[in-house]
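This report describes how one protein chain is arranged, from its interior to its surface. The sequence and the structure are shown first.

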Amino acid sequence: NFSRVTEFVLLGLSDTRELQVLFFAFFFLAYVMVLLGNLLIIVTVRTDPKLSSPMYFLLCNLSFIDICCTSVTSPRMLVDLLSQRKAIAFEDCIAQLFFLHFVGASEMFLLTVMAYDRYTAICKPLHYTAIMSRQACWVLVSACWAGGFLHSIVQTLLTVQLPFCGPNTIDSYFCDVPPVIRLACTDIYVTEWLMASNSGLISLVCFLLLVTSYMFILVTVRVRFTERHWKALSTCSSHVMVVTLFFVPCIFIYLRPFSTFPSDKHVCVIYTVFSPVMNPLIYTLRNNEVKASMWKLWKRR
């Protein structure tokens, strides 16, 4: 008898009650830090005219994406940590999958654009204002969102067309492509490789572009030892930390056929929780201009 699955059961990070309470306290604090930290960056950049350069415009957009990214998974995870039965409707699962890949891919593209911005500022300083004009920045950010939407709609359509008629238990705390399509009642070999080619290659190509841009930056800084170049390089070091936290787990999860490992759901915590938490800390603690603007905003309020 063929019957379509109407809901999935999420196993979460642990089935031990004490650990669930501990996880709830930790992830609730992390979620609050993501919201407050990134909102503070957005308000600071928007209210201080001195922070009108393309770098801060892109940083403001990154903070907004981080809020969206963690809001796709964290609220549901917090509710499930206090629930006995962690069930999610099929439609809600697909919606979570869509928005996660939408904002996740948009963030990948935006991080790549931010690396290009640093490359232009250091390697082509005389042409920087012309290349990274306000109009160009808007075009690049819009292209990031459009690319994220296109990537996500492909992933979602490939998932929705699969028949789900049997097992409905997902060994994770949110709905993602790898664990969901493993529950399909059909051969998913071709679908696995199509999705790995989509998500995995996007992660790898963006990461390689980032590494290439940093290599050019390092070569330039070695030749020109000026204070301005070292200041830009300090900004890049913060960017490298964010990139490492975000891209390495994504490449591990998506750039392979979707055979699941017990450690996958713990690896996912890095780019769904830790990376959005670290972004505001890294960009504020290592940036004197942002810290000065925040202090000025605090005294004004």
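The sections below treat the nonpolar cores, one buried histidine, the sheet, the salt bridges and a surface patch.

## Basis of the report

The structure is a predicted model. Residues are numbered from 1 along the chain as its sequence is written.

## Nonpolar cores

The largest nonpolar core comprises 67 residues, and those with the most contacts inside it are F27, L58, L110, F247 and Y271. Two or more residues each come from the helices α1 (17–47), α2 (54–81), α3 (90–123), α5 (134–160), α7 (189–223), α8 (227–254), α9 (264–285) and α10 (288–300). In soluble globular proteins, nonpolar side chains tend to be buried together.

L58 offers a view of the surroundings of one such core residue. When neighbours within four places in sequence are set aside, L58 is in contact with L110, V113, M114, D117, M132 and V141. L110 thus appears both among the core residues with the most contacts and among the contacts of L58. A second core, separate from the one above, has 20 residues, including V5, I94, V177 and I188.

## The buried histidine H101

H101 is found in helix α3. Its relative accessible area is 5%, and because a value under 20% counts as buried, H101 is classed as buried.

Residues up to four places away in sequence not being counted, H101 touches G148, H151, S152, Q155, D176, V177, S199 and Y254. One of these, V177, is also included in the second core.

## The three-stranded sheet

Three strands form an open sheet with mixed pairing, in the order β2-β1-β3. The edge positions are held by β2 (87–89) and β3 (169–170); each has a single partner strand, so one side of each is left without a neighbour in the sheet.

Strand β1 (residues 7–10) runs parallel to β3, and two bridges join them. Within this pair, L10 stands opposite I170 in β3. In general, strands of a sheet pair through backbone hydrogen bonds, either parallel or antiparallel.

## Salt bridges

The model contains five salt bridges. In one of them, R85 is paired with E7, and the closest N and O atoms are 2.5 Å apart. This pair links distant parts of the chain: R85 lies in the loop between α2 and β2, E7 lies in strand β1, and 78 residues separate them. R85 counts as exposed, at 54% relative accessibility, whereas E7 is partly exposed, with a relative accessible area of 25%.

Another salt bridge joins D117 to R118, with 3.0 Å between the closest N and O atoms. Both D117 and R118 are buried. D117 is also among the contacts of L58. The side chains of R182 and E192 likewise meet in a salt bridge, at 2.6 Å from N to O. R182 lies in the loop between α6 (177–181) and α7, while E192 is in helix α7, ten residues apart. R182 is partly exposed, with a relative accessible area of 43%; E192, at 7%, is buried.

## A nonpolar surface patch

L29, M33, M278 and L281 make a nonpolar surface patch of about 310 Å². Helices α1 and α9 each supply at least two residues of this patch, and L29 has its place in helix α1. Both α1 and α9 are also listed among the elements that give two or more residues to the largest core.

Methods:
Predicted model: local features only at pLDDT ≥ 70, side-chain atom pairs only at ≥ 80, totals over all residues. Heavy atoms only, no water. Core = buried A, V, L, I, M, F, W, Y, C linked by side-chain atoms within 4.5 Å. Buried < 20%, exposed > 50% of the residue type's maximum accessible area, 1.4 Å probe, protein only. Helix = DSSP H or I, 4+ residues; strand = E, 2+ residues; numbered from the N terminus. Contact = heavy atoms within 4.5 Å. Patch = residues over 30% accessible without salt bridge, like charges linked within 9 Å, V, L, I, M, F, W, Y side chains within 5 Å. Areas by Shrake-Rupley, 256 points an atom, 1.4 Å probe, with all protein chains shown as cover. Salt bridge = Lys/Arg side-chain N within 4 Å of Asp/Glu carboxyl O. Pairing = 2+ DSSP bridges.
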